[in-house]
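Subject: The two-chain model, with notes

Hi there,

Here is the structure I promised to send over. Have a look at it first, and then read on for my notes.

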Amino acid sequence: MAIATAKNEQVARWEGNIEELRGLVSERAFTGETMLLNMGPHHPSTHGVLRVLLELDGEQIVSCLPDVGYLHTGIEKNMEHKTYEKCVTLTDRMDYLAPMSNNMAFCLAVEKLVDLDVPERAQIIRVIGLELTRINSHLVWLGTHALDLGAMSVFLYCFREREYILEMFEILSGQRMMTSYIRPGGVWRDIPPEFMPKLQQFLEYFPPRIDDYEKLLTNNPLWIDRTQGIGIIEPETALAWGVSGPSLRGSGINWDLRKAMPYSGYEQYDFDVPVGEHGDVYDRFLVRIREMRESVKILRQAAARLPAKGPFRSNNRKFVPPPRSELGQSMEAVIHHFKLWTEGFSAPDQEVFVAIESPRGEVSVYLHGTGGNRPRRVHYKTPSFMHIGALPVMTQGHLIADLVAIIGSIDIVLGDCDR
Amino acid sequence: MTGIPQALDPAAAVRAALPEAVQDVIEFRGETTLVIARPHIVAACRFLRDTRGLVYNYLSDISAVDYLEPYGGWGDRPERFALAYHLLSMLYFRRLRLKVYVPEDDPVVDTVTPVWPGANWLEREIADMMGIRFAGHPDPRRLMMPEDWNGHPHRRDYPLGYETIMFSFNVDEIMKHKPFAKE
C-alpha cells in the first residue's frame, strides 16, 4: 500500500480495500451505483464487536460481508501452553453467555481422550448446570433480540429472571458468569445444601414468566410484522452452511444432539425437540421459547433423579484430585494432589472429537494430545462462527432494518465466534 | 428400519470407489479416521456425501494440526501439518474423520467449498491461523487477524506472546519474532 500522508490517507486506504473486494461484492459497487456501508463494529445491535460491510441498493442489501476477529483472544493457542485442568478456565471466556456448555464440551473431550469415567450423580449435576445455562443464554438472547426490534420491556423482564439463575450459579460454583464448574471427571464440588431449594423455587417461578414473554411478543402484530418471512433459511441451505441448534430446527430439521447422539445421560430424560416450519426469524424465536419450557421439564426430572448422596467426581486419582479431607490422612492423597496441581495428567498423542448441543447450536471440540500434560491442538467449532459465516445467504435482498432482526435471531456471541 | 438403506462401512466403501485415496484407517476410542491422500480429498468428501448408505451430509468442523516438535521434526508423522475434516451423517447418527497430511514446503489443499459452502469460513480460519492455502477458495482474505499481519499464530513455532524465556539456544529464534520498529 502506498505510504499515506495526511492529505491522501483516506484515498489510499479506500483504493487498497476495494480491489480486495472484487468478486465478493457486485460489479455495480465499483461504478458507484450501489453504496458500500460499514455497519459496526460498535453498532449496538451487532451483539459485541461485529463489523458487517454492506453493499446497499437504496435500503436493500445486495451483498453482506461480515468481518470478525475484533474479539480474537488466542484462547486456542493459549490452551496449548496449559495443562488440561487449567484449560477449563479458558473455555468459559469464549461463549460468556453459556460457560457451562463450553466447559462440558472440553471436559467430555478430555474424558474421551484419557478414557475417564464420570459417576452417574455427577452427570445429573452437569445436566442441571447445562439446562440452567441454556435458559440463561436464551433469556439474554430474547432480551437483546426484542430490544433490537424496539421492545424494551422484554429486556428488563428477561434480565430479572437471568439474575435468579446467576445467583444459583454463584451458589453452585462461587462465580456468577465464568463458572468453570464442570471439570474433567465430574464437577468442581458437590451441590451446596441451599442450591436445591433455590432450584425448586425457580422451577415454580419461571414457567409463568415464559407465558408473560409470550403474551408480550408471540401474538403481537408489530413483532409478527418485523419477524415473519424475514431471513428465511431453507433446510438444505442450512445444512450446507453448517447451521446448527435452534436456527437449524427453526428451518424444520429435527436435529438435537441431546436426542440424536446423547451424552451425559440425556437419553434418560423425557423432553421434546421443538421444530419450526418456515425457517424465518419468527420460527427461530418460537423454537427458543419452547426450548426454555423443555429445559424446565428436564430440570424437574433431573432434580427428582438426583441422589442426595454420592460421588460428584470420578474416583480415578490419576486424573481427578482427591478430596481435601483425605490430605491429612493419606500420603498417597498428598502425592496425587501435588502431582495433579503442578504437573497435571498426561494424555496420549491421539485425537478425539466431541460435539454437544449448546444453547446456540453444535459446539464441537477437536482435541489432540501430545503424550504429555498439554494438548497439541484444541479447536472449538462454535455455532456463532458458522452462523455469521452463513449471514450473507440469509440477508440477501432484505432491508437494512431486517439485518438487525436476522443477526438477533441467529443468536450470536462474538466471543464465541472469535475465540 | 424401513426405507433407509443399509449403512455401509465408510472405509471399505471409499477404498472400493477411490482405491488410491485411502492411505490408512485408524480406530481410536470408537472414532474412525480415514487418512486420505491430498489430491483426493474433494472427491472423497463428495463420495461420502452423495453415496447411499453413507450420506455424510453435514460438515461439523475442519481443524488443522501442526505436528512440529519442540526440537524440530514431526516425529513419526509423514508430514508437518494435518487437516481433520469431521463429517456427520444425520441419517445414520455417526461421525467420521478424514485426515489429510499437508507438507510444510507446499501447504496447499483443494477447497471443499463446492461440496459444503459452510467450509468457507472454516478454511479461511485455517489459512489465516495455520498458513495452509486452499486452492480455489472463493474468499482467501484473512479472517481473524488484521490483513497486514505477518505469520500464522497457530503454528507451533509461533511464540505465545513475546515473553518466552531467553536462553542461548533460543535467543535467535525469539529475536526474530520481536516486534522491533522497522526502518
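Before the notes start, one term: two strands count as paired if DSSP finds at least two bridges between them. Please also keep in mind that this is a predicted model.

**A hairpin in chain A**

With that term in hand, look at β7(A) and β8(A), which make a hairpin with 5 residues between the two strands. In the turn, G371(A) has a positive phi of about 95°. Strand β7 of chain A covers residues 361-369, and 6 bridges tie it to β8(A) in an antiparallel arrangement. If you want one pair to click on, S364(A) has K381(A) of β8(A) as its bridge partner.

How many residues of β8 (375-381) of chain A are buried? The count is 7 of 7, so to speak of this strand as mostly covered is fair, since a residue is called buried when 20 or more other C-beta atoms lie within 10 Å of its own.

E343(A) makes a good contrast. This residue sits in the loop between α15 (331-342) and β6 of chain A. Is E343(A) buried or exposed? E343(A) is exposed, because just 11 other C-beta atoms lie within 10 Å, and 12 or fewer is the cut-off for that label. Its C-alpha atom is 9.6 Å from that of G372(A), although the two residues are 29 apart along the chain.

**Where the two chains meet**

The contact between the chains draws on 37 residues from chain A and 29 residues from chain B. Which elements of chain A each supply at least two residues to the side that touches chain B? They are α3 (75-79), α10 (235-240), β6 (351-358), β7, β8 and α16 (383-389), so both hairpin strands are on that list. Sorted by class, this side of chain A has 15 nonpolar, 11 polar and 11 charged residues.

**A helix pair in chain A**

Next, please find helix α7 (residues 152-173) and helix α8 (residues 195-217) of chain A. Their axes come within 11 Å and cross at roughly 165°. That makes α7(A) and α8(A) roughly antiparallel to each other, and their crossing is left-handed. The residues in contact include Y157(A), Y164(A) and M168(A) on α7(A), and F202(A), F206(A) and Y213(A) on α8(A). By class, this contact has 13 nonpolar, 1 polar and 4 charged residues.

**Chain B as a whole**

Chain B has 4 helices and 7 strands, and along the sequence they follow the pattern α-β-β-α-β-β-β-β-α-β-α. The C-alpha trace of chain B spans about 70 × 35 × 25 Å along its principal axes. Of the 183 residues in chain B, 37% are buried. Among the contacts in chain B between residues at least 6 apart in sequence, 49% join residues at least 24 apart.

**The sheet in chain B and its helices**

In chain B, 5 strands form an open sheet in the order β1-β2-β5-β4-β3, with mixed pairing. Why do β1 (22-28) and β3 (58-66) of chain B each have one side without a neighbour in the sheet? Both stand at the edges, so each has a single partner strand. From one strand to the next, the twist averages 20°.

One of the pairings is between β2 (residues 31-36) and β5 (residues 94-102) of chain B, which are parallel and share 3 bridges. There, T33(B) has R97(B) of β5(B) as its bridge partner.

Helix α1 (residues 10-17) of chain B packs on this sheet and touches β1, β2 and β5, with its direction at about 20° to that of β2(B). Helix α2 (residues 41-50) of chain B also packs on the sheet, touching β2, β4 (81-89) and β5, and its direction makes about 170° with that of β5(B).

These two helices also meet each other. The axes of α1(B) and α2(B) come within 11 Å and cross at roughly 120°, which means that the pair is oblique. The crossing of α1(B) and α2(B) is right-handed. P10(B), V14(B) and A17(B) of α1(B) make the contact with A44(B), F47(B) and L48(B) of α2(B). By class, this contact has 6 nonpolar, no polar and no charged residues.

Happy browsing, and all the best!

Key. Residues numbered from 1 in each chain as written. Chains lettered and ligands numbered in written order. Predicted model: local features only at pLDDT ≥ 70, side-chain atom pairs only at ≥ 80, totals over all residues. Axes fitted to C-alpha atoms, helices over the stretch in contact; angles between N-to-C directions. Contact = placed C-beta atoms within 7 Å. Nonpolar A, V, L, I, M, F, W, Y, C, P; charged D, E, K, R; others polar. Parallel < 35°, antiparallel > 145°, perpendicular 65-115°, else oblique. Left-handed = near helix turned anticlockwise from the far one by under 90°.
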